Amino acid sequence: MVNPGYSIQQIAAILGLQNIPDVNKGFVNTLLTDSRKLTSPSTSLFFALQGPQRNGHVFVPELYKKGVRFFVISRDIDETLYPGSVFFKVADPLQSLQKIAAAHRHRFAVDVIGITGSNGKTVVKEWLYQLLQPYKNIVRSPKSYNSQLGVPLSIWQMSPENDLAVFEAGISKPGEMEQLQEIIDPTIGVLTNIGLAHSEGFVNDAQKLSEKLQLFKTAKVVIANGDSELITWGARQLNRPLFSWGKAAHNNVQVLAVHTTGAYAVIRLKEKEGSDFNIEIPFSDNASVENAIICATVLLYLKFAPSVIASGMKALQPVNMRMEFKQGINNCVIINDSYSADLTSLEVALQFLQQQSKGKKKTVILSDFFENDANDRQLYQSIYQLLKRYDINRLIGIGEKMQLLFPLLLTEEETMEASFFLSTKKYLQQYHSTQYRDEYILVKGARRFGFERIVTLLEQKVHETVLEINLDAVAHNLKAFQQLLKPGVKLMAMVKAFAYGSGAAEIASVVQFHKADYLGVAYADEGVELRKAGITIPIMVLNVEESAFDAITDYNLEPDIFSFELLNAFEQHIKSAGLKNYPVHIEVETGMNRSGFAVADISVLADRLTGNEFIKVQSCFSHLAASEDKVEDAFTLHQFELLKKATDILEAGLSYTFIRHIANTSAIMRFPELQLDMVRLGIGLYGIAGNDKIPLQTVATLKTTISQIKRIRNGETVSYNRRGIAKEDSVIATIRIGYADGYSRRLGNGVGKVWVNGQLAPVIGTVCMDMTMIDITHIPEVKEGDDVIVFGEAVPVQQLAEWIGTIPYEIMTGISQRVKRVYYGEG
Ligand SMILES: *Cc1c(COP(=O)(O)O)cnc(C)c1O
């Protein structure tokens, strides 16, 4: 399932370009749009995409150095600097990418299912894959790749072995669907829930629908909900046959009844002119029921027998697009993806591993694959190639086929260590914790292999209170702020205090991956930790003392210089270390009265630094005291004016320019004019401080579990000093969190509440060191072992802060280190 590739001449022909130098040997099998995802330089074609936040052309030199020779560009580039390269100059590289994908798509005559709609696209795609994968060799979109960029990259995976393709398409503005139609050109159209917003009225809905239906312009059938007049009208407009589902009798597939019991739903369906039959799915929510009906309709259209559909439906797996990683034994990091095993999801997981591992050793524990591939040997060959492409150091293969076929692929001078086991049981029998140390371990296997048992062994055991960190939310929040910046304005992400409690190295990796310019930490030690974790972007250190100078220069950290004493001492250190032009950041005091040079001292400072060959001013900045407070806006602007005055004096004295910065999160949101050359983003990165205009995603969720449930009588008391008194016969649950975990004692006696089974439960009595009691008298169906959310989406950390009269910063940074951090994201 690897794209067989194209010669340079073929690419030129697709793009309609002549005058391409005669590089006959040129051959492309990877379309590269993100320089960070480079894996096979010599066969990659790089598209220098142009967007508001990025300009792909700036990566050309770096990629050339790494061996890339084929580029699609839209700006002039001095080609003589890159001998042996081919540059395709076009008007719009994204369009060229789409053209190549469209040409690739049309080499294949197989059925292509195109899915669009407002909700459920990814679930329907993944479920169709789960249901059809025993019978077909399927290529599908990775993750939720459904955009103008994601679709061409998905299509590029099509190869001659496939006998079915399933792609999703999503649009963010009018006109985009036409483009996607040309690339996907589905033969079977599937419309999922389109979330018609009745309030907007028919005209808007009709417009929204017609736009989506454009995807099916040339499809031989459209599969959709036939109960909706609007949809049947839309299909008529499009002049395509409809194969519909719905409650009404006129539908091709009629939904007779839906019964839900606990975690299951039974759906009674009837084919037109056929008899009725049941399908049972292991889900009971409305969205899952609807998605299952859509999938059943597709399979019926494809002429699968009801009994086959029913047996597949029973085994549907939840669509888990998120990848979790956890601290493991012996300083390992475990990436748990023990839900699926197929090439598409393997590549997604390997990319995630590459992004996180930052040069550390990489091990993959992998089960047999169950793709419907006539040629097993080729399937395992593709797996092998992927593992090599992502520089995997060690493979542990589990399963009959792994053991039988994989060893044949290893070469004589194989650099990848490999061992094989017949079954998970056999692996577990020989397992020993000393086999793993200081490495990243991806655990990925088909469900039937039960790899969760392996994950349990590899995980570090701690008590069951965890702080879950959503890395996708961090990336989302970062992008939300990047979009507020004027072109060219840099961004420093503040990751001091263990990244506001969220885990410095993990957050810094995401921030570095998404091209922030700088990191800010409080102490040199924090910077050293980041360097040891493989972070390479510049790091500013706010509090520097002489004892940290060696660490600063050894680890290439950049100090905040806030006084003449510090400047003198640091300059002395640089001299004796034999260094020159060491970058430093000058802090100016403008009203916070914390640290910094007085504005009145700046001209003396400028004289002191003019022509200085040891110290180089990298930036000059100040910190705002009340940027979130409307009442203090005049003061904020005054601080800004003072900084500008100081930087003008300094710049006039030095013969070079430097970065100027003052804005923190609230200032970025409230004062675009304060952006200067760089902003310093703190709390906003962690999803706090958002509003309607700048919606942020929750990053951290503090979770614990119930260790015991007790029934007590009216008048009995709970916890130390008998402070909690039951006002009725009550049910009390003890949860595994206390003030030693960072759950403040001030939250005791009803002040704080936690989220249990969809409701808020008040704390009763005093918070203890490691435990807290909550009152669940009026919350039904709570059991021992149940999860409890202390803060997260349901109970925002701002709310907790308000209850005890503090700010979210204090709560976040106060979560103690014994609380395990668990990271997850789509990668
Ligand atoms: C912590 C800090 C920030 C970030 O502030 P937020 O309000 O969290 O955005 C910016 N600059 C300095 C100097 C800081 O200490």
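Student: In this predicted model, which residues does Met769 touch, not counting residues up to four places away in sequence?
Tutor: The place of Met769 is in the loop between strand 37, residues 759-762, and strand 38, residues 772-775. Leaving out residues up to four places away in sequence, the residues that Met769 touches are Gly738, Tyr739, Ala740, Asp741 and Arg818.

Student: Is Met769 buried, partly exposed or exposed, and at what relative accessibility?
Tutor: The class called partly exposed runs between the buried limit of under 20% and the exposed limit of over 50%. Met769 falls between these limits and therefore counts as partly exposed, its relative accessibility being 43%.

Student: Which residues does the UniProt annotation "binding site" cover, and how far apart in space are they spread?
Tutor: According to the unreviewed UniProt entry, the annotation "binding site" covers Arg594 and Met769. They are spread over 176 residues of sequence, and they are also spread in space, with a distance between C-alpha atoms of up to 33.8 Å.

Student: Why does Arg594 count as exposed?
Tutor: Arg594 lies in the loop between strand 27 (582-589) and strand 28 (597-598), and, apart from residues up to four places away in sequence, Arg594 touches Glu589 and His623. A residue is classed as exposed if its relative accessible area is over 50%. Arg594 passes that limit and is exposed because its relative accessible area is 52%.

Student: Which residue carries the UniProt annotation "modified residue: N6-(pyridoxal phosphate)lysine", and in which helix does that residue lie?
Tutor: In the unreviewed UniProt entry, this annotation covers Lys496. With a relative accessible area of 23%, Lys496 is partly exposed, and its contacts, not counting residues up to four places away in sequence, are Gly520, Val521, Ala522, Glu526 and Leu542. The element that holds Lys496, spanning residues 496-500, is helix 17.

Student: How do the residues of the shell around the ligand divide into nonpolar, polar and charged?
Tutor: The residues around the ligand include Met494, Lys496, Tyr500, Leu542, Arg594 and His623. Also among them are Asn664, Thr665, Arg680, Gly682, Ile683 and Tyr809. By class, the shell divides into five nonpolar, four polar and three charged.

Student: What percentage of the ligand's own accessible area does the protein cover?
Tutor: An oxygen atom of the ligand is 2.4 Å from an N or O atom in the side chain of Thr665, while a nitrogen atom of the ligand lies 2.7 Å from a polar side-chain atom of Arg680. A polar backbone atom of Ile683 is 2.7 Å from an oxygen atom of the ligand. Of the 390 Å² of accessible area that the ligand has on its own, the part covered by the protein is 95%.

Student: Where is Phe498 found, and what is its phi near?
Tutor: Phe498 is found in helix 17, and at 29% relative accessibility Phe498 counts as partly exposed. Phe498 is a residue other than glycine with a positive phi, the value being near 60 degrees.

Student: Is Leu676 buried or exposed, and what is its relative accessible area?
Tutor: Leu676 is found in the loop between helix 24 (665-670) and strand 31 (678-681), and, although not a glycine, Leu676 has a positive phi of about 45 degrees. The limit for a buried residue is under 20% relative accessible area. Leu676 meets that limit and is therefore buried, with a relative accessible area of 16%.

How values were computed. Residues numbered from 1 in each chain as written. Predicted model: local features only at pLDDT ≥ 70, side-chain atom pairs only at ≥ 80, totals over all residues. Heavy atoms only, no water. UniProt positions renumbered as here; feature names shortened; annotations may be inferred. Helix = DSSP H or I, 4+ residues; strand = E, 2+ residues; numbered from the N terminus. Buried < 20%, exposed > 50% of the residue type's maximum accessible area, 1.4 Å probe, protein only. Contact = heavy atoms within 4.5 Å. Near = heavy atom within 4 Å. Polar contact = N/O pair within 3.5 Å; in protein donor to acceptor, adjacent residues only side chain to side chain. Areas by Shrake-Rupley, 256 points an atom, 1.4 Å probe, with all protein chains shown as cover. Nonpolar A, V, L, I, M, F, W, Y, C, P; charged D, E, K, R; others polar.
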